[in-house]
Each structure stands twice: as C-alpha cells, then as structure tokens.
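Thank you all for coming. I would like to take you through one structure this morning, going from charged pairs to internal spaces and then to aromatic rings.

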Amino acid sequence: MLLYGGPFLLLASIPAFYYGLGPAGPLATIGLLLAALIGAEFVSPRGDVIRGASDPGRYRALFYVYVPLQLISIAWAIGQVSQTSALGIVSLVIAVGITTGVFGMLAAHELVHSRSKGERILGGIMLSGMVYRHFRIAHVHFHHRYAATERDSATARLGEGFYAFLVRTVSGQFRESWEFEHARLNARGIFSNRALFDLSTTIVLCAAIFAAWHWQGLAFFLAQSFVAISVLELFNYIAHYGLMRRADTRGKLEPLADHHSWNSSNVLVNLLIFNMGRHSYHHRKPSASYQELQYLRTAPELPAGYAGSILLALVPPLWR
C-alpha cells in the first residue's frame, strides 16, 4: 500500500513550501509532480509488475485517509486568502486545484465506482470539494455506457481541441446527469433526484464558505475548483481522443473494447495515479479496485504518457 503514497507527499508539500519558501512556494509542488511524472517516463519500465495484496481492504483504506486530507488542504488554503499576497493566492489556487483535480479526483473516481454505499458517499463528498458532484452520475451511468461514441460528452472527437472539448463536456455531463435522473425517477418524484440533491448541496456549500470566509474565500474555492475540473477534463480528453466505436449497416454500435481507450503502462506513473493508466481494463471491469487493474498488451498506448500528453493537449497545434 505504501507504494501508492506519492499523492500524500505531494499534498503535504503545499503547506510545507508555502511556509518554507513564501507565497510562491506552492508552485514548487507542481514542479515536483511534473518532474515525477515526466521523469518516470524515461526511467521506469512498462508492463504489469505491481500486484495487489491479498487484503484489498488496506488499499481501500488509503482513500479514507486521503480524501479528508485533500478537503482539509482546500479549507486551509481558503483560510490563507486574507493573509497572503496576490502571488500567494495564485500559487495556492494552482497547486491546490491541481492536486484536487489529479489525486482528489482519482480518489473520488475510484470511490463512486465502488459497490459500497459508504465509499460512494465519500466519493460524493470529495466531488463537493470541486463543485462537480454530478460527475458521479454522468460518469458511471453515461460515460461507461456510451464511451467512444458521439453520445458521450466525455469522449473527445478527432481534431477537436481541448478548450472546445472543455466547454462541450462540462455542459454535456451536467445535462447527462439530469437526463439520467429524470428517466430513472419518472415515477418517484423530484425529491429522489440525485442531480437536484447535488446542485442543492453545491449551493449550500458555497453559501457556507461565503458565510465563513466572505467573497474572497468563495472566489478562491471556485477558482481552485475550475483548475481541478480542467485537470480532470484533460484526463478525459486524452483518455479516448479520436477512438470511436463503429456502427454496422443497421446502425448498431460495436461493443466497447480495449482499443477504444488510450493507456499508459509506465509502472511508476501508475503508482502516482492509482493505476488509471490501465484505462482499458478499467472499462472492462469498472468496479474493480485500482490495485487490481491489469496491463493489456493490445491496448493503445499514449506515445508521451499521461503527463506529456496533457501538456501537449494544452497547446492544440502541438497536440495535433
């Protein structure tokens, strides 16, 4: 389990750099993350050498510790807004937002796929920390059903730039969550609508932050959420970019297969991102815990890995 401890060290580095190096210090956390991910691409083997232990509960316990720490770091950073410079605010927005969007989001993603109701609730709580609670509905019930099709808002089309994708997918996933809940609860009434509950929870949370830290605190929270959502959607953008399921002459789509997801089999990188580089296997078995995900030799591999591909996607001409 300790092999997956990298996110904890990177999260702890934010306040450490802030107090040790000054307002711009948290930006060093992003340098460490990029150095770890990109450096691993050159020195780490590819394949499937990390195996899960016989006690999967230890691996799940990792999220019960990480999610509260991520939320505490967001609250701590909000508390620094009135005590730091504009440079300090910007550095905290970027550093906290990226750790929320990478590690917090990966933890939430793992939890919302769980068969345990308690873990799904914890995943929703983590998603509240980036005002993206509806992801739990759109991702599980829409993306995993329609991935690699035009019906899925989280699948990037061939030739589509990241920024156009970002606008389309954020609005599309919000709409998908409402569509799914409307269809699911047509006979149960509006008060059983999870999308409505998620929206109400977000409004109450923002009101509470405003009451405690005023508009500066709320602005910081929304800004780090925007960074976190952008990072999440960068993951989504490169995960299925241009890989579409074909339809036969009758319009019936082929089943989702391993070759419809981009992967990264770099061993060290996967230790940092809870094996999400084994994306094709995740689509095979969405409820499988992260330590159980396997390397698939036949799955398409991102030539620059996850970190390199995300950096390229930020500059669409370079990506193309």
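Which side chain meets that of Arg184 in a salt bridge? It is the side chain of Glu181, with 2.8 Å from N to O. Before I go further, please keep in mind that this is a predicted model, and that the values I quote are computed from it.

Arg184 and Glu181 both belong to helix α7, where they sit three residues apart, about one turn of the helix. Their surroundings can be described one by one: Glu181 is buried, with a relative accessible area of 0%, while Arg184 is partly exposed at 32%.

Let me stay with helix α7 for a second pair, the salt bridge between the side chains of Glu179 and Arg175, for which the N to O distance is 3.4 Å. These two residues are four apart in the helix, which covers residues 162-184, and so they are separated by about one helical turn. Here Glu179 is partly exposed, with a relative accessible area of 40%, and Arg175 also counts as partly exposed, at 42%.

A further salt bridge joins Arg168 to Glu160, and in this case the closest N and O atoms are 2.9 Å apart. Arg168 is partly exposed, having a relative accessible area of 23%, whereas Glu160 counts as buried at 14%. Searching the whole structure gives 11 salt bridges, and I will mention just one more arrangement, a network of salt bridges that links Glu41, Arg46 and Glu301.

That brings me to the internal spaces. How many cavities of 30 Å³ or more does a search of the whole structure find? The answer is two, and the largest cavity holds about 180 Å³ of space. Its lining is made up of 15 residues, and those nearest the centre of the cavity are Leu106, Leu232, Phe235, Asn236 and Met276. The elements that contribute two or more residues to this lining are α4 (86-112), α6 (135-146) and α8 (194-240), and the largest share, five residues, comes from α4. If we sort the lining of the largest cavity by class, we find nine nonpolar residues, six polar residues and no charged ones.

The second largest cavity has a volume of about 40 Å³. Among the residues lining this second cavity are Asn263, Ser264, Arg278, Tyr295 and Glu301, and you will recall Glu301 from the salt-bridge network with Glu41 and Arg46. By class, the lining of the second largest cavity has three nonpolar, four polar and two charged residues.

I would now like to return to α6, one of the elements that line the largest cavity. Is α6 largely enclosed or largely open, and why? Nine of its 12 residues are buried, and α6 is therefore largely enclosed by the rest of the structure. The buried residues of α6 include Phe135, Arg136, His139, His143, His144 and Tyr146. What covers them includes α4, α5 (117-128), α7, α8 and α10 (279-284), and in that list you will recognise α7, the helix that holds Arg184 and Glu181. Just after α6, there is a backbone detail that I would ask you to look at, since Ala148 takes a positive phi of about 65 degrees.

My last topic is the aromatic rings, of which the structure holds 21 pairs. One of these is formed by Phe8 and Tyr66, whose ring centres are 5.3 Å apart and whose planes stand at 90 degrees, so the pair is edge-to-face. This pair links distant parts of the chain, with Phe8 in helix α1 (residues 6-21) and Tyr66 in helix α3 (residues 56-80), 58 residues apart. Phe8 counts as partly exposed, at 22% relative accessibility, while Tyr66 is buried, with a relative accessible area of 0%.

Tyr18 and Tyr19 also form an edge-to-face pair, with 5.3 Å from centre to centre and 75 degrees between the planes. Within that pair, Tyr18 counts as buried at 10% relative accessibility, but Tyr19 counts as exposed at 58%. Finally, Phe162, Tyr163, Phe165, Tyr237, Tyr241 and Trp319 come together in one aromatic cluster, and with that I will stop and take your questions.

Methods:
Residues numbered from 1 in each chain as written. Predicted model: local features only at pLDDT ≥ 70, side-chain atom pairs only at ≥ 80, totals over all residues. Heavy atoms only, no water. Salt bridge = Lys/Arg side-chain N within 4 Å of Asp/Glu carboxyl O. Buried < 20%, exposed > 50% of the residue type's maximum accessible area, 1.4 Å probe, protein only. 1 Å grid on protein atoms, 1.4 Å probe; cavity = no way out; pocket = protein on both sides within 12 Å on 5 of 7 lines; lining within 4 Å. Points joined across faces, edges and corners; volume = space filled by probe spheres on them. Nonpolar A, V, L, I, M, F, W, Y, C, P; charged D, E, K, R; others polar. Phe/Tyr/Trp six-rings, centres within 6.5 Å; stacked < 30°, edge-to-face > 60°. Contact = heavy atoms within 4.5 Å.
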